[in-house]
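Dear colleague,

I am passing on the structure below, and I would be grateful if you could keep it open while you read the notes that follow it.

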Protein chains: 2
Amino acid sequence: MADLPERTSSDPNVEIMRATYRALRESGYADLTIKRIAEEYGKSTAAIHYHYDTKDDLLVAFLDYILERFVETIHEVETTDPERRLDLLLDQLLVAPADHHDLLIAVLEMRGQTPYNEAFADRFQRNDEYVRYMLRTVIDHGISEGVFTDVDAEHATRALILSSMGDALEPSFWTRRIRSPQPDRRQRSTFPSFSELRQTRSAGS
Amino acid sequence: MADLPERTSSDPNVEIMRATYRALRESGYADLTIKRIAEEYGKSTAAIHYHYDTKDDLLVAFLDYILERFVETIHEVETTDPERRLDLLLDQLLVAPADHHDLLIAVLEMRGQTPYNEAFADRFQRNDEYVRYMLRTVIDHGISEGVFTDVDAEHATRALILSSMGDALEPSFWTRRIRSPQPDRRQRSTFPSFSELRQTRSAGS
DNA sequence: GACTTTTGACTGACTGGTTAGTAAGTTAGG
DNA sequence: CCTAACTTACTAACCAGTCAGTCAAAAGTC
């Protein structure tokens with residue numbers, strides 16, 4: 001999950017995606033309105049409707065935009081050493097989201113809409129399948145090289161599932177914003193890193 | 001997380017709580033309206049406002065209602081054998097929520113609102129603290145009896161955190177409703193049970 | 001025990017504000 | 001002068017919440 005770069009893009013679509021992100025971050029999904037997005041965009045609500053016919057179109061486009069960046073980020077892992085490749089991949093999946101707390105909240109809120117929005121569900125399912133595939137590939141490669149044992153696969157898959165949740169497992173995650181506006185963001189999650197999990201597993205087998 | 005019993009209660013407040021639950025389950029938090037709740041209640045919207053001044057009052061009352069039942073349920077664990085007591089407690093925290101899929105979704109959606117609703121945040125924080133306290137007490141008791149080693153405490157706390165999430169870690173959890181309306185609900189979660197976790201841990205130490 | 005009064009639980013009609021979305025006209029750049 | 005990117009002004013639907021009045025049953029009162 002990369003930051004949102006190109007701070008001064010002249011592409012209205014990208015500007016709207018950024019505005020949507022800010023509005024979602026500040027209002028939450030339940031209170032997200034076209035008006036709020038338009039305010040962040042600095043234009044009228046009709047300007048939003050000029051680019052996206054319906055609110056749902058906009059939201060689906062936004063989800064695509066975010067997940068595209070997510071996939072790009074984990075695709076950047078380019079190493080041949082299986083062990084290092086897995087560690088880097090899992091860092092992207094588990095550690096990176098913790099550094100983008102607000103974005104993670106936004107994505108989790110949209111994920112929470114999947115029971116009521118089929119388009120969202122499709123996107124998340126495809127994304128989950130892709131991430132799963134990536135992990136399986138990396139692990140299979142490691143197994144064929146004799147670096148991993150095959151029990152790791154199951155374990156890693158479990159860790160992958162956590163990626164979509166990350167710090168959400170920490171109760172303080174949800175309350176952080178209201179309790180103390182923007183505190184020490186650099187504080188690391190207390191959730192076990194993948195290397196910890198791997199140690200436990202190999203000790204057990 | 002108990003079922004909602006007393007199917008025919010004449011207490012309007014309880015009826016409204018149940019109606020709110022059904023409305024929340026079917027509409028999701030973002031689309032939850034007084035009108036929807038009133039429809040489930042079978043009365044007018046003004047009838048809702050007669051019992052609860054504002055929508056927020058109603059929602060906070062609903063959250064209290066749900067969390068109260070949750071606490072009651074885990075309080076029912078009454079055994080002196082530390083090991084069995086911990087297992088039963090963790091079953092309530094980890095396994096029971098999986099049996100109440102819809103309720104869990106509803107609670108998770110409300111938890112997702114905590115960054116924007118201080119009253120919700122308060123309730124969840126108190127609840128988390130209570131659950132944490134319960135677990136710590138049970139574990140400390142087990143340690144003083146010499147049944148547990150103290151490393152279990154950290155491990156159990158981690159499992160507790162999962163309690164608030166449960167099956168949410170399964171991607172299919174979110175998509176289940178849309179994909180196949182009400183499929184095999186009895187299918188057990190694939191997430192490791194606490195006993196599995198404990199076996200791994202003791203094998204490692 | 002008949003009567004009045006009070007109270008709890010509503011209904012139906014309404015209000016003011018907000019929502020997503022539209023339609024017609026404007027403006028600046030290539 | 002054409003088109004992309006808007007704006008202003010609008011609409012219909014919907015939202016939470018209000019208000020005046022209904023109605024049955026409980027509580028006093030004589």
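**Contacts with DNA strand C**

Around DNA strand C there are 16 residues, of which Lys55(A), Tyr41(B), Lys43(B), Ser44(B) and Ala46(B) come nearest, a residue being near a molecule or strand if one of its heavy atoms lies within 4 Å of it. Please bear in mind that this is a predicted model, in which local features need pLDDT of at least 70 and side-chain atom pairs count only at pLDDT 80 or more, while totals for chains, interfaces and linings use all residues. Residues are numbered from 1 along each chain as its sequence is written, chains are lettered from A and ligands numbered from 1 in the order in which they are written, and side-chain values use heavy atoms, with hydrogens and water left out.

Of the atoms of DNA strand C within 4 Å of the protein, 64% belong to sugar or phosphate and the rest to bases. Phosphate oxygens of this strand lie 2.5 Å from a backbone N or O atom of Lys55(A), 3.2 Å from a backbone N or O atom of Ile34(A), and 3.1 Å from a polar side-chain atom of His51(B). H3(B) provides the largest share of the surface near DNA strand C, with 4 residues, where helices are DSSP runs of H or I with at least four residues, strands are runs of E with at least two, and both are numbered from the N terminus.

**Contacts with DNA strand D**

DNA strand D also has 16 residues around it, with Tyr41(A), Lys43(A), Ser44(A), Tyr50(A) and Lys55(B) coming nearest. Sugar or phosphate accounts for 68% of the strand D atoms within 4 Å of the protein, and bases make up the rest. The side chain of Ser44(A) has an N or O atom 2.5 Å from a phosphate oxygen of DNA strand D, that of His51(A) has one at 3.4 Å, and for Lys55(B) a backbone N or O atom lies 2.5 Å from a phosphate oxygen of the strand. H3(A) gives the most to the surface near DNA strand D, namely 4 residues.

**Rings and charges**

Over all chains, a search of the whole structure finds 2 aromatic pairs (rings of Phe, Tyr and Trp, the last by its six-membered ring, pair if their centres lie within 6.5 Å; planes under 30 degrees apart count as stacked, over 60 as edge-to-face and the rest as tilted). The ring centres of Tyr29(A) and Phe120(A) are 6.4 Å apart and the planes stand at 75°, so this pair is edge-to-face. It links distant parts of the chain, 91 residues apart, with Tyr29(A) in the loop between helix H1 (12-27) and helix H2 (34-41) of chain A and Phe120(A) in helix H7 (residues 118-144) of chain A. Both Tyr29(A) and Phe120(A) are buried (under 20% relative accessible area, against over 50% for exposed and partly exposed in between, with a 1.4 Å probe and protein chains only). In chain B, Tyr29(B) and Phe120(B) form an edge-to-face pair at 6.4 Å centre to centre, with 80° between the planes.

Lys43(A) lies over the face of Tyr41(A), 4.9 Å from the ring centre, and the charged end of Lys43(B) sits over the ring of Tyr41(B), 4.9 Å from its centre; the criterion is NZ of Lys or CZ of Arg within 6 Å of the ring centre and within 35 degrees of the ring normal.

**Chain A overall**

Chain A has 10 helices and 0 strands, and 48% of its 205 residues count as buried.

With best wishes

Conventions. A polar contact is a pair of N or O atoms within 3.5 Å; within protein, one must be able to donate a hydrogen and the other to accept it, and residues adjacent in sequence count only if both atoms are side-chain atoms.
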